[in-house]
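Subject: A structure for you to look at

Dear colleague,

I am handing over the structure that follows, and I would be glad if you kept it open while you read my notes. They go through it part by part.

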Amino acid sequence: MIRIVLAEDQGMLLGALGSLLNMEDDMEVVGMAKNGEEAVQLVNKHEPDICIMDIEMPVMTGLDAAESLQGSSCKIVILTTFARSGYFERARKAGVRGYLLKDSPIEELVSSIRTIMDGRRIYAPELVDIAFDDENENPLTDRESQVLELVSKGKTTKEIAGELYLTPGTVRNYISTILEKLGVGNRIEAISRFKEKGWFK
């Protein structure tokens with residue numbers, strides 16, 4: 001029996017998904033969570049084979065939860081609406097075994113769970129395409145590129161805010177979006193990735 005924990009903040013979807021998976025002869029949903037923190041607690045408590053998680057959830061996102069469960073025997077599967085390369089890159093680094101999109105039919109999810117249990121990884125084809133397309137295309141907007149250029153010149157958040165007539169909070173938001181889009185963990189990695197791709201003007 002494949003034991004599963006589900007994490008999804010939309011109650012109706014969580015219930016429907018749980019019912020559909022429980023109808024499979026070889027699957028049993030042993031826990032349902034409404035956020036990433038609950039998912040981590042349920043995984044630690046029930047030690048399931050698989051944990052299927054949404055990304056954008058309150059308290060703790062699915063990616064944060066996946067990172068905190070890294071190294072556990074539970075196989076993490078991300079099930080999301082968002083085909084974003086930054087999310088996909090972070091999920092891969094966190095060791096997730098599957099990254100699937102919510103518009104896929106339930107049969108696809110069920111067969112993916114069995115394939116992942118056999119030790120393979122399953123990524124939605126759209127994501128693989130995005131990951132390759134984004135390799136050569138600057139994913140940042142002009143304003144984000146401008147912010148990163150000033151960061152690379154050693155400017156502080158406050159100085160950048162002054163120069164671009166923004167609030168420091170807005171600059172911080174830009175920086176976190178830049179890190180997510182580039183799939184990196186900090187400003188230094190962002191600058192070196194940007195340089196390496198030849199995206200600085």
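A good place to begin is E47, which you will find in the loop between α2 and β3. Please keep in mind throughout that this is a predicted model. E47 has a phi near 45 degrees, and this is a positive value in a residue other than glycine. As a rule, most residues other than glycine have a negative phi. With a relative accessible area of 60%, E47 is exposed, because the term applies to anything over 50%.

A second residue can be read in a similar way. Y165 sits in the loop between α8 and α9, and its phi, near 55 degrees, is again a positive value in a residue other than glycine. Y165 has a relative accessibility of 78% and therefore counts as exposed.

**The sheet**

How are the six strands ordered in the sheet? They form an open sheet that runs β2-β1-β3-β4-β5-β6, and the pairing is parallel. At the edges are β2, covering residues 27-33, and β6, covering residues 122-123, each of which pairs on one side only. If you look at strand β4 (residues 75-80) beside strand β5 (residues 98-101), you will see that they pair in the parallel sense over four bridges, and that I78 stands opposite Y99 in β5.

Two helices can be described by how they lie against these strands. Helix α1, made of residues 11-22, lies across β1 (2-7), β2, β3 (50-53) and β4, and it runs at about 165 degrees to β2. Helix α2, made of residues 36-46, also packs on the sheet, where it touches β1, β2 and β3, and its direction makes about 135 degrees with that of β2.

**Residues in the strands, and the core**

In strand β1 you will find I2, which counts as buried because its relative accessibility is 10%, and buried means under 20%. Leaving aside neighbours within four places in sequence, I2 is in contact with D26, M27, E28, D49, I50, I113, R114 and M117. From I2 to G98 there are 96 residues in sequence, while the distance in space, C-alpha to C-alpha, is 16 Å.

T80 belongs to strand β4 and, with a relative accessible area of 0%, is buried. If residues up to four places away in sequence are not counted, T80 touches D54, I55, Y99, L100, L101 and K102.

Which residues touch the most other members of the largest nonpolar core? This core has 28 residues, and the ones in question are C51, M53, I76, I78 and Y99. Two or more residues come from each of β1, β2, α2, β3, α3 (62-68), β4, α4 (85-93) and β5, and α2 gives the most, with four residues. I78 is worth following one step further: apart from residues up to four places away in sequence, I78 touches M53, I55, G62, L63, A91, V96, G98, Y99 and L100.

**Helices that pack on each other**

Helix α8 (residues 157-164) packs against helix α9 (residues 168-182) at an angle of about 105 degrees, and their axes are 8 Å apart. This makes α8 roughly perpendicular to α9, because angles of 65 to 115 degrees are given that description. On the α8 side the contact is made by T157, I160 and A161, and on the α9 side by P168, V171 and R172.

Helix α9 also packs with α7, at an angle of about 100 degrees and with the axes 10 Å apart, so that α7 and α9 are roughly perpendicular to each other as well. Here R143, E144, V147, L148 and V151 in α7 meet V171, Y174, I175, T177, I178, K181 and L182 in α9.

Finally, is S145 buried or exposed? S145 lies in helix α7, which spans residues 142-152, and at 11% relative accessibility it counts as buried. The side chains of S145 and N138 are joined by a polar contact of 3.4 Å. Beyond its neighbours within four places in sequence, S145 is in contact with N138, L140 and F194.

With best wishes

How values were computed: Residues numbered from 1 in each chain as written. Predicted model: local features only at pLDDT ≥ 70, side-chain atom pairs only at ≥ 80, totals over all residues. Heavy atoms only, no water. Pairing = 2+ DSSP bridges. Contact = heavy atoms within 4.5 Å. Axes fitted to C-alpha atoms, helices over the stretch in contact; angles between N-to-C directions. Buried < 20%, exposed > 50% of the residue type's maximum accessible area, 1.4 Å probe, protein only. Polar contact = N/O pair within 3.5 Å; in protein donor to acceptor, adjacent residues only side chain to side chain. Core = buried A, V, L, I, M, F, W, Y, C linked by side-chain atoms within 4.5 Å. Parallel < 35°, antiparallel > 145°, perpendicular 65-115°, else oblique.
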